There are 2 protein chains.
Amino acid sequence: MAEHLVEFDSEAKPVTVQTGTLLTEAARQAGIDLSQPCGGQGRCGRCAVKVIGGHVRQRSTLRLSPDDIAQGYALACQAVVEGNVAVHIPPQDTLDRHLTTDRTVAAVTIPAGYDPAKNQPLQRVTLQLTPPSLDDQTDDWSRLQTAIRQETGITDLQVSLPLLSKIGAVLREGEWQVTAVLDSLGNCPSCPARIIDLLPGHAPLDAPLWGAAIDIGTTTVTVWLVDLLSGQVQQQVAEYNRQIRRGEDVISRIIYAGKNNGYVEMRELVLATINDLLHRACQRAKADRYDILRTTITGNSIMMHLLLGIPAGSIRTSPFVTAVNQIPILSAREVGLEIHPEATVDCLPGIASYVGADISAGVLSSGMDDTEKISLFMDIGTNGETVLGSQDWLVTCACSAGPAFEGAGVQHGMRATRGAIEEVWINGDTYEPTYRVIGDGPPRGFCGSGLISILAEMFLTGILDKGGNLNTTIPTNRIRQGAHGWEYVVAWAGGENNGLSATKDIAITHVDVDNLIRAKAAIYAGFTVLADAVGLPLEAVEQVLIGGAFGKYINVEKAVEIGLLPDMPWENFHFLGNTSVLGAYHALLDQKLRDRIKDIASRMTYIELSADNSFFEAFTSALFLPHTDLDRFPSVGKALTVS
Amino acid sequence: MAEHLVEFDSEAKPVTVQTGTLLTEAARQAGIDLSQPCGGQGRCGRCAVKVIGGHVRQRSTLRLSPDDIAQGYALACQAVVEGNVAVHIPPQDTLDRHLTTDRTVAAVTIPAGYDPAKNQPLQRVTLQLTPPSLDDQTDDWSRLQTAIRQETGITDLQVSLPLLSKIGAVLREGEWQVTAVLDSLGNCPSCPARIIDLLPGHAPLDAPLWGAAIDIGTTTVTVWLVDLLSGQVQQQVAEYNRQIRRGEDVISRIIYAGKNNGYVEMRELVLATINDLLHRACQRAKADRYDILRTTITGNSIMMHLLLGIPAGSIRTSPFVTAVNQIPILSAREVGLEIHPEATVDCLPGIASYVGADISAGVLSSGMDDTEKISLFMDIGTNGETVLGSQDWLVTCACSAGPAFEGAGVQHGMRATRGAIEEVWINGDTYEPTYRVIGDGPPRGFCGSGLISILAEMFLTGILDKGGNLNTTIPTNRIRQGAHGWEYVVAWAGGENNGLSATKDIAITHVDVDNLIRAKAAIYAGFTVLADAVGLPLEAVEQVLIGGAFGKYINVEKAVEIGLLPDMPWENFHFLGNTSVLGAYHALLDQKLRDRIKDIASRMTYIELSADNSFFEAFTSALFLPHTDLDRFPSVGKALTVS
């Protein structure tokens with residue numbers, strides 16, 4: 001096969017590739033990390049590069065304007081090398097690696113009456129062994145087991161080969177005085193306890209015993225470093241999931257993972273994220289990473305599969321089946337966590353399809369499984385997982401809202417970091433907007449809450465009609481024809497905010513509006529279908545519990561105005577923050593709560609929306625602002641009448 | 001630290017090493033494999049090299065004659081580099097890699113009534129799963145577990161992460177028709193069954209199901225490839241343990257392993273030996289190595305520790321304690337066997353100190369634990385393990401005979417391969433010997449049976465007195481002063497055997513005689529102490545069962561004449577061949593027999609001879625030919641009277 005030279009205008013060396021190679025792959029070989037938030041499907045436009053010499057075959061030019069194409073831009077993930085070519089790589093979006101701490105630190109209450117000896121399964125025992133003699137030539141491992149049995153009553157103990165290999169040296173180094181760390185839970189319900197570590201000498205009683213609760217979000221990975229003796233969360237750290245560059249939503253990631261050696265890369269990316277976070281948390285707490293001896297992990301089904309290198313392709317296509325919901329207990333060595341290699345890794349159980357351990361754990365933290373009140377629990381995110389129920393029953397669905405509210409699939413969408421417009425107000429007379437920006441600098445785009453806000457304001461001021469159409473007759477230069485059709489400009493390039501200027505016009509386009517309405521319609525349709533499935537009117541819902549870091553910043557009034565949340569008294573809404581990591585924390589501290597998560601996962605009924613005609617109907621009815629049926633939104637009707 | 005250049009007269013490149021480096025290490029860095037049968041202790045003399053330029057500091061010159069030293073020879077393992085040096089490497093002993101097959105193939109009887117479905121724990125089940133649908137979105141792993149439960153009744157199943165990762169693909173490739181291989185025994189007594197493999201489609205009922213019984217001898221590694229469906233041993237292969245170059249006996253190997261990164265090297269060497277044997281056996285049987293799904297492994301304690309990379313140093317020094325006698329069930333992946341990575345590896349249990357799984361398995365094959373007859377079971381080898389007992393009781397000891405009878409520590413000793421003198425006859429009048437050589441070529445040295453034979457003949461003809469002293473007054477040029485003192489020459493350099501000439505004089509020296517007498521005295525003292533310990537006279541022993549490939553070729557008459565074996569009717573001696581691999585084979589085929597080995601190991605009383613004054617007395621009394629007390633050897637007394 002013919003080979004071609006691909007040159008870059010950066011410091012990267014040229015590479016030689018075969019005919020048919022994609023420019024993303026050529027860039028990867030040259031060490032250039034091109035952002036591919038859609039997983040290389042040619043749908044997000046973020047990997048656009050400029051061909052400055054030679055020619056590429058373009059499979060798709062979606063997301064490129066005629067102007068872009070005229071200038072020589074091509075989507076690298078869709079550009080096939082068929083001859084020598086020279087490429088200009090525009091500056092890549094770089095992630096703000098460190099999320100602002102004040103946005104992620106949660107106030108956590110240690111469970112009442114927490115007793116490390118009773119609630120959680122790790123125990124550290126100090127042992128004084130009788131040294132061997134010519135009268136007692138018992139082997140080291142049997143001798144140790146006997147001492148542990150005498151101290152703890154544990155009669156059967158599992159050990160890994162690497163730990164077995166070091167026992168003899170530790171016993172002698174400690175002069176037969178040692179400290180053992182045991183996990184009383186084995187690898188399976190009937191398995192014996194496991195010895196996790198053996199150290200020479202007697203550890204002081206108050207020596208720290210560390211655990212970690214880990215939540216792998218599609219967007220953000222959160223790690224809580226927990227002192228298992230006091231139950232206290234000592235550090236909370238969070239960072240973007242490094243898989244984002246290979247797909248912003250789960251579907252894009254499955255697609256990327258299925259190509260080339262994508263599963264290996266995806267696994268490495270999430271492990272690098274988690275390991276860095278563990279490292280940072282330990283540095284701050286002055287702890288040794290290798291003293292972390294137990295972890296619980298949550299995440300949606302795809303995140304869990306990708307963490308373990310388990311193919312997730314079957315989740316994406318009908319009948320949307322996971323490879324595994326209940327993952328066996330593993331060790332840090334097997335998983336690839338850079339903590340104590342024997343540390344127990346407990347991946348919490350998922351439910352079905354997209355609905356994973358983050359929801360099982362989230363339901364636990366929400367407490368909805370333990371109250372008579374009929375509750376609606378929702379995680380407003382890509383998968384739009386929703387749970388309806390009470391202590392007696394639980395039903396769930398995932399409504400594939402897509403990542404619009406997370407800023408993806410929206411022209412000027414971004415995550416909730418510095419520069420994101422998080423709230424907008426539009427003057428009903430002048431149609432001039434004012435806005436608030438995270439970090440108070442110049443605006444760079446809209447985050448989720450900003451998108452909800454702008455949509456609501458545009459609707460209430462009549463810029464949008466209930467069908468989501470822009471009223472182009474309004475006399476303002478902010479409504480204009482842009483590269484992608486009609487749009488409303490919120491911030492002008494050069495326009496000042498606190499003395500700093502935006503570098504580009506920041507607008508919301510009619511395509512963005514369509515995407516946002518589709519996303520909110522999917523979420524709303526999800527819980528109406530759940531209510532229908534159990535024969536309850538939505539009004540029967542006594543409380544709405546909203547999980548996810550994103551949910552925390554939603555303005556309820558505006559979310560109701562666009563028909564994302566149901567119209568009910570504001571006091572019925574409760575924003576719970578990251579319920580997933582909170583559930584992982586509870587599972588880490590208390591085995592009874594861990595068992596409750598398993599119970600939640602097994603008794604929850606999953607409703608597959610794609611198999612349900614009523615979902616499509618509900619979705620279609622919700623494709624309006626706030627809804628076809630305004631009777632469902634009396635407070636919005638009232639607001640419209642007033643304005 | 002100063003660096004020096006070490007040059008070799010071979011094709012190897014010069015290397016630069018620091019002051020204090022040993023020549024063996026410098027040679028290793030240059031890629032030269034110097035034989036170190038004593039483990040680098042400077043005791044065997046096999047690593048002698050000639051310093052042809054510069055100078056080395058010699059820690060020890062033991063085993064070098066004054067002549068050798070004058071010529072510039074030095075022991076590489078004792079030669080410290082302190083300046084630039086040039087070294088001549090003499091040709092190294094190369095092992096005859098392939099043992100002659102006719103010497104190792106045993107006739108094996110399949111246990112009567114063998115039924116693979118009942119006796120051994122592997123089972124292969126063909127499954128027809130209901131495909132998932134929108135009405136049944138159960139995850140793949142739960143779906144598979146349900147199908148297995150319906151087919152086998154197994155309700156709980158363990159799975160490794162790598163196997164879990166491939167389940168989804170296999171289920172779909174087989175279109176929900178698959179074959180699972182299960183090991184009904186888990187990793188511990190209370191552990192659930194384990195899934196070992198999953199294959200698409202339905203395997204034919206007669207598709208082979210392979211197992212391997214592996215015996216890791218200090219000298220020879222033996223692998224039997226077993227068809228688990230029929231119970232038949234399909235292939236028997238054996239090869240020298242590649243660790244030999246790093247120590248001929250277990251003590252030398254522990255010493256070598258304790259230096260530098262010796263445990264890693266030792267593990268790699270024995271794994272390379274086993275993996276090559278598995279490969280060869282599979283090639284001959286036209287089997288795929290990755291279809292071997294279960295193995296049992298035996299060996300003495302040190303061999304088992306070295307296989308698993310477990311430090312064995314504590315076995316060598318008082319109180320002679322092993323790190324582990326009962327090794328947990330492992331997988332081939334963990335151990336490093338190149339068979340199916342999930343294959344069960346069952347390392348059989350050892351007893352105490354040097355007495356390992358080879359003896360537990362050997363006792364099973366000998367049947368002595370299942371008869372009323374008082375039996376003496378012995379493995380004549382380096383460790384001289386001996387067991388005395390019956391169905392009611394078992395006592396054992398290891399008497400550290402040393403490797404003299406295996407050809408090590410003897411000037412012209414060698415293993416029982418081509419060129420080894422295996423039997424000698426000396427004319428009582430002329431003192432001229434005749435001999436038989438393995439392979440009928442020119443003699444190269446003595447193997448164990450040859451050494452027993454020459455010792456007996458020299459004693460009976462009066463060349464040796466009962467104290468082991470050479471009678472230097474006998475008028476023959478075969479008794480002479482050699483480089484190491486007095487010796488008796490068996491074969492002359494240039495002397496012909498079947499038309500082929502020996503390249504050197506082959507003699508037995510007074511040092512060799514001393515070593516051999518000490519070895520036989522240790523073995524004899526071992527079983528007299530065992531008998532004393534249980535208060536039985538040796539005459540009470542009703543049968544002597546001799547295991548080990550070496551034992552098979554012993555001439556009983558001559559072994560009794562030198563006092564190695566007790567004087568009793570020849571029909572009481574039974575040569576059983578490799579009882580260790582036979583026991584491993586039985587444990588592989590029948591879980592009841594596997595349990596019996598565990599039972600043997602746990603009920604056997606180990607007697608530590610070094611803690612026993614009576615051993616030293618018995619040993620001292622046995623340092624004569626055949627013994628101080630000739631009444632113990634009436635048949636020898638009679639032979640001496642006749643001659």
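Here are a few notes on how chain A and chain B meet in this predicted model.

1. Some ground rules. Residues are numbered from 1 along each chain as its sequence is written, and chains are lettered from A in the order in which they are written. As this is a predicted model, local features need pLDDT of at least 70, side-chain atom pairs count only at pLDDT 80 or more, and totals for chains, interfaces and linings use all residues, while side-chain values use heavy atoms, without hydrogens and water.

2. The contact draws on 43 residues from chain A and 43 residues from chain B (contact being heavy atoms within 4.5 Å). Together the chains bury about 3300 Å², 62% of it on carbon and sulfur atoms; that is accessible area, with a 1.4 Å probe, lost on being put together and summed over both. On the chain A side, A:Leu134, A:Gln137 and A:Leu161 lose the most area to chain B, together 20% of what that side buries.

3. What about salt bridges across the interface of chain A and chain B? The rule finds zero, looking for a side-chain nitrogen of Lys or Arg within 4 Å of a carboxyl oxygen of Asp or Glu.

4. Now the symmetry. A turn of 180 degrees and a shift of 0.1 Å along the axis lay chain A on chain B with an RMSD of 0.1 Å, superposed by least squares on the C-alpha atoms of residues with pLDDT of at least 70 in both. The two copies are thus related as by a two-fold rotation axis. In chain A, the C-alpha nearest that axis belongs to A:Cys191, 2.5 Å away. Both copies use the same surface: 100% of chain A's contact residues recur in chain B.

Key. Buried area = accessible area lost by both parts, 1.4 Å probe.
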